[in-house]
Amino acid sequence: MPLSCNKFVLVSLFLFILLAGCSEKEKKFEEAIRPIAWQEVQKSSFNQVRRLSGSIYPVESTNLSFEVGGKVDQVNVKLGATVTRGEELALLDIRNFNLSMQSSQANLQKANAALSEADNEFKRYAELSEKGLVSKSGYDNAKAAFESAMSAVNLAKAQVDISSKDLSDSILTAPYDGKITKRMIEPSMQVSPGQLIFEIEGEGGLEVQVMVPETLIQKLAMASEVDIHFSAFPLLKSKGQITEISSRAASANAFPVTVVITSSLEGLRAGMTAEVDFVFSGVGRTGFEGESFHLPISALGADEGQKAYVYIYDKEKQIIRKRQVQTESIINNQVIISSGLNDGEIVATAGVSFLRDGQSVRLLDKHVQRFN
């Protein structure tokens with residue numbers, strides 16, 4: 001083969017390789033259409049939730065004691081026993097009370113006899129006084145004796161009533177249906193009036209008592225419904241209703257608030273801890289109140305001047321556009337946005353730092369959309 005032909009072949013081969021390399025580079029720099037995680041935004045209420053811890057108490061609960069003192073004769077119930085209204089829980093030795101009753105009744109009979117005698121004497125003096133046969137002082141003395149005897153009868157009757165009440169109070173009864181949560185006496189024990197004997201918990205339900213800070217108390221309203229969470233039942237929650245809001249701080253500028261549990265859980269008991277979610281209308285850092293847009297933190301990018309931006313998807317051109325938004329707060333890893341968005345717009349929710357204005361993208365399938 002002539003030398004000129006060899007040169008022609010070599011040059012042709014070099015040009016072919018060069019063109020092939022350029023073609024590969026051109027293909028390499030073709031922009032790939034990036035898939036993006038996305039979310040279609042809609043306005044929703046700008047509510048904030050403050051979770052406060054409290055303790056569970058029975059709605060009905062009281063300490064029981066005897067109104068009279070004495071020696072305990074019988075104790076009819078044990079700790080944890082279920083009782084009904086009017087059931088006899090404990091009795092005192094009634095011998096002293098019976099003696100007191102007998103003594104007061106005897107005094108009443110004696111007073112009645114004295115009243116009868118004084119009444120007859122007064123009537124006799126009244127008749128003689130009308131005829132002018134006795135002095136005025138004699139009449140006055142008879143009248144005074146009658147009135148004194150009547151007072152003695154009234155006093156004796158009152159003493160009988162007191163003795164009767166003391167005898168009745170020697171029996172301690174349940175004020176309502178419930179359960180005995182404390183028992184502080186045993187038979188033969190000497191007790192005093194007002195001494196704690198039992199603690200009873202009624203069947204009127206349970207309530208949560210919470211201390212609410214002064215910054216939140218003005219936002220609460222009576223009869224508002226709240227969610228309640230329990231440490232003993234971490235996967236369950238109950239409903240409650242605000243029934244009491246104190247007008248005075250109890251400690252550390254916190255106000256007592258009572259929430260009645262309206263949907264109780266089986267196994268829930270007084271003394272357990274609970275957490276109450278108080279929901280109130282939020283106020284953003286710019287003073288904004290009202291409906292807003294909620295986006296995951298990953299949807300926002302940081303711009304100059306402490307401003308934030310998001311990428312909005314253009315459905316017609318299938319590209320994204322950078323847009324500044326006004327942020328107000330962050331609640332549960334969700335950013336509250338007051339302006340810069342419209343209902344129904346699609347926002348990129350991940351990988352914002354790898355996106356740019358005008359970039360061609362495609363939406364990931366909804367079944368794999370991300371909100372992280």
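**Overall architecture and packing**

Among contacts in the protein between residues at least 6 apart in sequence, 73% join residues at least 24 apart. The model discussed here is a predicted one. It contains 4 helices and 23 strands, and of its 372 residues, 33% are buried. The paragraphs below take the helices first, then the sheets, the nonpolar cores and finally some backbone details.

Two of the helices can be described as a pair. Helix H2, which covers residues 95-131, packs against helix H3, residues 136-169, at an angle of about 160°. The axes of H2 and H3 are 7 Å apart. That angle makes H2 roughly antiparallel to H3, and the crossing of H2 past H3 is left-handed.

Turning to the strands, it helps to recall that strands of a sheet pair through backbone hydrogen bonds, either parallel or antiparallel. One open sheet of 4 strands follows the order S4-S11-S9-S6, with antiparallel pairing. At its edges stand S4 (61-64) and S6 (82-83), each with a single partner strand, so one side of each is left without a neighbour in the sheet. Strand S11, residues 198-202, is joined to S4 by 4 bridges in the antiparallel sense. Within this pairing, leucine 64 has phenylalanine 198 as its bridge partner, while serine 61 is matched with glutamate 201. Strand S9 (residues 178-183) also runs antiparallel to S11, and 5 bridges link the two. Here isoleucine 180 stands opposite isoleucine 200.

S11 deserves a closer look. All of its residues, 5 of the 5, are buried, so S11 is largely enclosed by the rest of the structure. The cover extends to both faces: Phe198, Ile200 and Gly202 are buried on one side, and Glu199 and Glu201 are buried on the other. Two glutamates thus appear among the buried residues of this strand, and one of them, glutamate 201, is the bridge partner of serine 61 noted above.

Another open sheet of 4 strands has the order S8-S7-S5-S10, again with antiparallel pairing. Its edge strands are S8 (171-173) and S10 (190-191); each has a single partner strand, so one side of each lacks a neighbour in the sheet. Strands S5 (residues 70-75) and S7 (residues 88-92) run antiparallel and are joined by 3 bridges. In this pair, glutamine 74 is bridged to leucine 91 of S7.

Further along the chain, strand S21 (residues 334-339) takes part in two antiparallel pairings. Strand S17, residues 293-296, is joined to S21 by 4 bridges, with phenylalanine 293 partnered by isoleucine 337. Strand S20, residues 319-331, pairs with S21 over 5 bridges, and glutamine 326 has serine 339 as its bridge partner there. S20 and S21 form a hairpin with 2 residues between them, and asparagine 332 in that turn has a positive phi of about 50°.

The largest nonpolar core holds 24 residues, of which Val212, Ile228, Phe230 and Phe278 touch the most other members. Several elements supply at least two residues each to this core: strands S3 (47-58), S12 (206-213), S13 (225-230), S14 (233-245), S15 (254-261) and S16 (273-281), together with helix H4 (214-217). A second, separate core of 20 residues includes Leu172, Tyr176, Phe198 and Ile200. Phe198 and Ile200 are also the residues that share one buried face of S11 with Gly202.

Valine 212 offers a detailed view of the larger set. Neighbours within four places in sequence aside, valine 212 is in contact with Leu52, Ile217, Leu220, Asn253, Ala254, Phe255, Val257 and Phe278. One of these, Asn253, lies in the loop between S14 and S15.

That loop also brings the backbone into focus. Most residues other than glycine have a negative phi, and most peptide bonds are trans. In the loop between S14 and S15, alanine 252 has a positive phi of about 50° although it is not a glycine. Asparagine 253 likewise has a positive phi, near 60°. As for accessibility, alanine 252 is exposed, with a relative accessible area of 80%, whereas asparagine 253 counts as partly exposed at 46% relative accessibility.

Technical notes. Residues numbered from 1 in each chain as written. Predicted model: local features only at pLDDT ≥ 70, side-chain atom pairs only at ≥ 80, totals over all residues. Heavy atoms only, no water. Core = buried A, V, L, I, M, F, W, Y, C linked by side-chain atoms within 4.5 Å. Buried < 20%, exposed > 50% of the residue type's maximum accessible area, 1.4 Å probe, protein only. Contact = heavy atoms within 4.5 Å. Pairing = 2+ DSSP bridges. Axes fitted to C-alpha atoms, helices over the stretch in contact; angles between N-to-C directions. Parallel < 35°, antiparallel > 145°, perpendicular 65-115°, else oblique. Left-handed = near helix turned anticlockwise from the far one by under 90°.
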